[in-house]
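Work through the exercises below with the model in view. Each one sets a task and then solves it step by step.

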Amino acid sequence: MNKTELNTKIAGVLGKPRSQTEEYTAALLQVLGEAMSNDERVAIVGFGTFHPIHQSERLARNPRTGEPALIKQRRSVKFKPGKYLLEQINNHE
């Protein structure tokens with residue numbers, strides 16, 4: 001599902017116009033991005049936790065050529081799903 005499809009589904013659930021749900025989604029992404037930039041953890045009870053991590057510089061290989069490549073130090077984000085999200089996705093099998 002892409003962002004447009006997500007906004008359409010949220011609009012259907014809330015009974016709101018899609019333009020309004022696009023504002024909600026944009027605000028959520030902005031808040032999450034700002035929190036991650038400030039090394040803050042974001043926990044959404046029942047859904048999961050986003051937390052920024054620091055990855056150190058490391059040596060990897062180019063999968064096409066096999067040549068060594070240096071991956072620079074960077075920040076990334078990890079997500080740990082919450083209990084209720086795991087229950088929901090495992091009950092739909």
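**Exercise 1.** Write down the order of helices and strands along the sequence of this predicted model, and decide whether the protein is spread out or a compact globule.

Solution. Reading along the sequence gives the pattern α-α-β-β-β-β-β-α. The count is therefore 3 helices and 5 strands. Next, take the radius of gyration, which is 18 Å. For 93 residues the globule rule gives 12 Å, and the value for the protein is well over that, so the protein is more spread out than a compact globule. As a further description of the extent, the C-alpha atoms fill a box of roughly 55 × 30 × 30 Å along the principal axes.

**Exercise 2.** Determine what share of the residues is buried and what supplies the exposed area.

Solution. Start with burial: 16% of the 93 residues count as buried. Then turn to the surface: the protein exposes about 7600 Å², and carbon and sulfur atoms supply 53% of this area.

**Exercise 3.** Classify Ala35 as buried or exposed, and list the residues that Ala35 touches beyond four places in sequence.

Solution. First locate the residue: Ala35 lies in helix 2, which covers residues 18–37. Its relative accessible area is 7%. The cut-off for buried is under 20%, so Ala35 is buried. Leaving out residues up to four places away in sequence, Ala35 touches Glu40 and Val42. Finally, consider Phe50, which is 15 residues from Ala35 along the chain; the C-alpha atoms of Ala35 and Phe50 are separated by 9.5 Å.

Note on methods: Residues numbered from 1 in each chain as written. Predicted model: local features only at pLDDT ≥ 70, side-chain atom pairs only at ≥ 80, totals over all residues. Heavy atoms only, no water. Helix = DSSP H or I, 4+ residues; strand = E, 2+ residues; numbered from the N terminus. Rg over C-alpha atoms; globule rule 2.2 N^0.38 Å. Buried < 20%, exposed > 50% of the residue type's maximum accessible area, 1.4 Å probe, protein only. Areas by Shrake-Rupley, 256 points an atom, 1.4 Å probe, with all protein chains shown as cover. Contact = heavy atoms within 4.5 Å.
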